[in-house]
Amino acid sequence: CYLCDPTQSAARLYVWSRVKAGYYDYGIKSFWLDATEPASLNGPPPSTRYATGYTEVNGRLFPELHARTIEEGLKKEGETDPSVILMRSTWPGAWSFGATVVWSGDIESSF
């Protein structure tokens, strides 16, 4: 499993280029960013290093910067309306980028 480092602006630009080619260019402007929490698939090892430092210190930046990737990409394309971004998990700051809607994740039924 590879994890893109959203603390690097070049990585965010690359991700947006793929999202743009696969979705935006077909008219899609709202996104479901699943697996935006660093705990996905048991999380990256504690020794994972982002450009800004190790996971223990900077891992919580991942969802915020993932949302930022989409919002900045949309603005670059000339979009002025806030985007709607559905995210499985997030931390303070992510709602600064578009109309972020938080989904609590996979919850098991109790009945």
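In this predicted model, helix α1 passes α3 in a right-handed crossing. The two axes come within 9 Å and cross at roughly 65°. On the α1 side, the residues that meet α3 are R12, L13, V15, W16 and V19; their partners in α3 are L65, R68, T69, I70, E72, G73, L74 and K76.

Several of these residues turn up again in the largest nonpolar core. That core has twelve residues, and V15, W16 and V19 are among them, as are I70 and L74. The rest of the set is made up of Y24, F31, L33, A67, I85, M87 and F97. Four elements each supply at least two of the core residues: the helices α1 (9-22) and α3 (61-76), plus the strands β1 (30-33) and β4 (84-87). This fits a familiar picture: in soluble globular proteins, nonpolar side chains tend to be buried together.

L74 is a handy place to look at how the pieces meet. Leaving aside residues up to four places away in sequence, L74 touches W16, Y24 and F31, and also K29, E79 and S83. Two of those neighbours, W16 and Y24, form the one aromatic pair that the structure holds. Their ring centres sit 5.8 Å apart with the planes at 55°, so the pair counts as tilted; the cut-off for edge-to-face is over 60 degrees. Both partners are tucked away: W16 counts as buried because its relative accessibility is 4%, and Y24, at 13% relative accessible area, is buried too.

Now for the strands. β1 and β4 pair in the parallel sense, over four bridges, with S30 standing opposite V84 in β4. Along β4 the side chains take turns: I85 and M87 point to one face and are buried, whereas V84 and L86 point to the other face and are not. That is the pattern to expect, since in a regular strand the side chains alternate between the two faces of the sheet. I85 and M87 are also members of the twelve-residue core.

Back in α1, K20 is a less hidden case. With a relative accessibility of 23%, K20 counts as partly exposed, because the cut-off for buried is under 20%. Not counting residues up to four places away in sequence, K20 touches D25 and E77. K20 and the core residue I70 are 50 residues apart in sequence, yet their C-alpha atoms are 9.2 Å apart in space.

Terms used:
Residues numbered from 1 in each chain as written. Predicted model: local features only at pLDDT ≥ 70, side-chain atom pairs only at ≥ 80, totals over all residues. Heavy atoms only, no water. Core = buried A, V, L, I, M, F, W, Y, C linked by side-chain atoms within 4.5 Å. Buried < 20%, exposed > 50% of the residue type's maximum accessible area, 1.4 Å probe, protein only. Contact = heavy atoms within 4.5 Å. Pairing = 2+ DSSP bridges. Phe/Tyr/Trp six-rings, centres within 6.5 Å; stacked < 30°, edge-to-face > 60°. Axes fitted to C-alpha atoms, helices over the stretch in contact; angles between N-to-C directions. Left-handed = near helix turned anticlockwise from the far one by under 90°.
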